[in-house]
Amino acid sequence: QEIQNNKVNFHKFIEIIRNFKPDLILTHSNHDKHRDHKVVFELTNEAVWKAKENIMPELGDQHNTSELWSFEILDPFSAPDIIVDISDVFENKIKAIDLHKSQLPILDNIKDYLKGISLVRGYQTGIKHGEAFKVLNSCPRVF
């Protein structure tokens with residue numbers, strides 16, 4: 001609970017984006033209740049936009065990330081834009097959650113919740129397990 005939206009962190013986010021040059025970035029939702037998740041959303045959202053500008057060359061070469069999506073955790077989206085089929089990797093997701101040992105006592109029955117929401121998202125789209133996202137692109141897509 002100590003992540004801050006400040007100049008140092010903002011520049012780190014820009015530098016990471018410019019160094020890795022991702023086509024897609026996934027971040028927390030701006031509707032998430034957790035304060036750190038909100039700050040990560042704010043930093044990511046602004047850094048994606050700034051990373052493509054011809055400024056701060058000391059942070060790397062400009063990069064335009066074509067897709068920025070937010071994901072849901074405990075606060076489900078009322079109308080997701082995209083649902084990704086995670087049926088084949090759902091068990092890996094549960095194993096990854098098991099690695100966050102500090103969170104398991106705090107988030108009682110989190111694995112049951114994640115299974116439930118993935119089944120709901122799957123049901124909405126005719127698959128077994130789905131994961132929902134909102135599209136946050138700052139620029140329109142070209143088709």
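This is a dialogue about reading empty space, an aromatic pair and a helix in a predicted model.

Me: How does one find empty space in a structure, and what volume does the largest pocket have here?

Reply: The general idea is that rolling a probe the size of a water molecule over the atoms shows where empty space is left. In this predicted model, the largest pocket has a volume of about 660 Å³. It is lined by 21 residues, and the closest to its centre are His 28, His 37, Ile 73, Gln 103 and Leu 107.

Me: Which helices supply at least two residues each to the lining of the largest pocket, and how does that lining divide by class?

Reply: Helix H3, residues 90-98, and helix H4, residues 110-125, each supply at least two residues of the lining, which by class has 9 nonpolar, 6 polar and 6 charged residues.

Me: How many cavities of 30 Å³ or more does the structure hold, and which residues line the largest cavity?

Reply: A cavity differs from a pocket in that the probe fits inside but cannot get out, whereas a pocket is open. The structure holds 1 cavity of 30 Å³ or more, and about 80 Å³ of space lies in the largest cavity. Its lining includes Glu 72, Ile 73, Lys 93 and Leu 114. H4 and E4 each supply at least two residues of this lining, with H4 giving the most, 4 residues. By class, the lining of the largest cavity holds 4 nonpolar, 2 polar and 4 charged residues.

Me: How should I read an aromatic pair, and why does the pair of Trp 69 and Phe 133 count as tilted?

Reply: One looks at the angle between the ring planes, where under 30 degrees counts as stacked, over 60 as edge-to-face and the rest as tilted. The structure holds 1 aromatic pair, and because the ring planes of Trp 69 and Phe 133 stand at 50°, with their centres 5.4 Å apart, the pair is tilted. The pair links distant parts of the chain, since Trp 69 lies in strand E2 (residues 67-71) and Phe 133 in strand E4 (residues 130-135), 64 residues apart.

Me: Are Trp 69 and Phe 133 buried or exposed?

Reply: Buried means under 20% relative accessible area, so Trp 69, at 14%, counts as buried, and Phe 133, at 6%, counts as buried too.

Me: What does the length of helix H2 look like beside the expected value, and what do its buried residues pack against?

Reply: Helix H2, residues 35-51, has 17 residues and reaches 24 Å from its first C-alpha to its last, close to the 24 Å expected at 1.5 Å a residue. Its buried residues, among them His 37, Phe 41 and Leu 43, pack against helix H1 (7-20), strand E1 (24-28) and E2.

Definitions and conventions: Residues are numbered from 1 along each chain as its sequence is written. This is a predicted model: local features need pLDDT of at least 70, side-chain atom pairs count only at pLDDT 80 or more; totals for chains, interfaces and linings use all residues. Side-chain values use heavy atoms; hydrogens and water are left out. On a 1 Å grid over the protein atoms alone, a cavity is a set of points where a 1.4 Å probe fits but cannot get out, and a pocket is an open set with protein on both sides within 12 Å along at least five of seven lines; lining residues have an atom within 4 Å of a point. Grid points are joined across faces, edges and corners, and a volume is the space filled by probe spheres set on the points. Ala, Val, Leu, Ile, Met, Phe, Trp, Tyr, Cys and Pro count as nonpolar, Asp, Glu, Lys and Arg as charged, and the others, Gly among them, as polar. Rings of Phe, Tyr and Trp (its six-membered ring) pair if their centres lie within 6.5 Å; planes under 30 degrees apart count as stacked, over 60 as edge-to-face and the rest as tilted. Buried means under 20% relative accessible area, exposed over 50%, partly exposed in between (1.4 Å probe, protein chains only). The expected span of a helix is 1.5 Å times one less than its number of residues. Contact means heavy atoms within 4.5 Å.
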